[in-house]
Amino acid sequence: MNRREMVAAATAFALVPHAAIAKTVSASVPARALSDPRASLEARALYRYIWSIYGTKTLTGQQEQNFTPAGARVELDYIQRVTGRQPALLGLDYIEPKDQIAVNERATAWHRSGGIVSLCWHWGAPDIGSGYENSKRDFDVARALVAGTPQNVAMMAQMAHVADLLTVLRDRRIPVLWRPFHEFGGDWFWWGKHGPHAFKALWRTMYDFFVVDRRLHNLIWVLGWAGQNIDPAYYPGRDRVDVAGADIYVADHGNQAGLFAQVKRIVGDTVPICLHENGPIPDPAALGPEADWAWFMTWHTRWLQDPEQNAPALLREYYRSERYVTKDELPKW
């Protein structure tokens, strides 16, 4: 079997759920319902809330840095000092194995203080190692989708490990905006290097493993295109997606209406659309029907604190705007 035949066979297998999965994952999702028919009460409540404000309000969000022990509080403390408020949504990352248990603890503390938890995973190539640079190394996705290969064994073992971490949050009844395989339309991460069919097979493999096999019913599945390539061929389908979005790092505070429109042409009004990463925060006065972002999530370090990205006076003004929802304005879950 040559490589092209292997990719076709592997993706075809991964895209056709087995009987147990077919009974649990529905191809037809009711309007404004989560794709997981067994979603937890907490996940459903959060999703209902997102829908209730979508089109009129936008959640503020901030990704934390977790490269140093003190990094987790740097962004939150800075925002509090400058604006007097906190973001509604905190983004965390399972990027560093030594930090993963602490990530869960920070997520738990954030949830219990009234905030919304978002999680991503800069997944290092499974047969190379963890870390950001390794997430940009190549990985043989075609072989990883064939049961029993070394690549498949490595991939599934690491997926199971992250499922264990998410199980802790599930058992603590914490709903999670789960944002795997982000910026998949680009060619810089291994999951984006092999085209749309391989990506969709990866997405559905993880979804079915997490939702069906591991019963992670606390997850809200967030699909995030790279703004450089918002290709509809990568869309896994509404039956495995709850929120869609895109990102691109720009040098101004525009509303990124073009980005919003490209995603909306693919998903329509079936799911909320988010700006899942950003540098400069969009001017809230410029948001509206052409750019009704469900949330924004500013990246960490310089993307938040560099005045050329987000000047303190503007950050304060935006966090206090009517359009943007901060943590203190969230409902009491």
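Two strands pair if DSSP finds at least two bridges between them. With that in mind, the tour of this predicted model begins at a run of paired strands and then moves outward to rings, charges and individual residues.

**Stop one: strand β5 and its partners**

Select residues 176-179, which form strand β5. Val 176 and Trp 178 point one way from this strand, while Leu 177 and Arg 179 point the other way, and all of them are buried. Now add residues 116-120, strand β4, which runs parallel to β5 and is joined to it by four bridges. To find one of these links in the viewer, pick Cys 120, whose bridge partner in β5 is Arg 179.

On to the next pairing of β5: select residues 219-226, strand β6, which is parallel to β5 and joined to it by three bridges. Here Trp 178 can be selected together with Trp 221, its bridge partner in β6. If helix α9, residues 195-213, is then displayed along with the two strands, the path from β5 through α9 to β6 can be followed as a right-handed β-α-β unit.

**Stop two: strand β6 and β7**

Keep β6 on screen and colour its residues by burial: the strand is mostly covered, with eight of its eight residues buried. Leu 219, Trp 221, Leu 223 and Trp 225 lie on one side, and Ile 220, Val 222, Gly 224 and Ala 226 lie on the other, so that both faces are covered by the criterion of under 20% relative accessible area. Strand β7 comes next, pairing with β6 in the parallel sense over five bridges. Select Gly 224 and then Gly 245, its bridge partner in β7.

**Stop three: aromatic pairs**

A search of the whole structure finds 28 aromatic pairs, and two of them are visited here. Start by selecting Tyr 94 and Trp 178, whose ring centres are 6.4 Å apart and whose planes stand at 50°, so the pair is tilted. Because Tyr 94 belongs to the loop between β3 (89-93) and α5 (100-112) whereas Trp 178 belongs to strand β5, the pair ties together parts that are 84 residues apart in sequence. Tyr 94 counts as buried, at 0% relative accessibility, and Trp 178 likewise counts as buried at 0%.

Move then to Phe 296 and Tyr 324, where the ring centres are 4.9 Å apart and the planes stand at 65°, so this pair is edge-to-face. Phe 296 sits in strand β9 (residues 296-298) and Tyr 324 in strand β10 (residues 324-325), so the contact ties together parts that are 28 residues apart in sequence. Phe 296 counts as buried at 1% relative accessibility, and Tyr 324 is buried with a relative accessible area of 0%.

**Stop four: Thr 60**

With Phe 296 and Tyr 324 still displayed, select Thr 60, in the loop between β1 (58-59) and β2 (61-63). Thr 60 counts as buried, at 0% relative accessibility. Leaving aside neighbours within four places in sequence, its contacts include Phe 296 and Tyr 324, together with others such as Gln 86, Leu 89 and Tyr 319. Add Val 325 as well, for its backbone oxygen lies 2.7 Å from a polar atom of the Thr 60 side chain.

**Stop five: charges over rings**

Select Arg 302 and Trp 303 to see the arginine lying over the face of the tryptophan, at 4.3 Å from the ring centre. Then select Lys 327 and Trp 110, where the lysine lies over the ring face at 3.9 Å from the ring centre.

**Stop six: positive phi, and a helix residue**

Which residue other than glycine has a phi near 55°? Select Gln 256, where phi has that positive value; Gln 256 is found in the loop between β7 (243-247) and α10 (257-267) and is buried, with a relative accessible area of 11%. Arg 32, which is not a glycine either, has a positive phi of about 60°. Arg 32 belongs to the loop between α2 (19-24) and α3 (41-53) and is exposed, with a relative accessible area of 51%.

Finish with Asn 152 in helix α8, residues 150-171, which is buried with a relative accessible area of 13%. Beyond its neighbours within four places in sequence, Asn 152 is in contact with Arg 143, Ala 144, Leu 145, Val 146 and Ala 147.

Notes: Residues numbered from 1 in each chain as written. Predicted model: local features only at pLDDT ≥ 70, side-chain atom pairs only at ≥ 80, totals over all residues. Heavy atoms only, no water. Buried < 20%, exposed > 50% of the residue type's maximum accessible area, 1.4 Å probe, protein only. Right-handed = clockwise from strand over helix to strand, strands pointing away. Phe/Tyr/Trp six-rings, centres within 6.5 Å; stacked < 30°, edge-to-face > 60°. Lys NZ or Arg CZ within 6 Å of the ring centre and 35° of its normal. Polar contact = N/O pair within 3.5 Å; in protein donor to acceptor, adjacent residues only side chain to side chain. Contact = heavy atoms within 4.5 Å.
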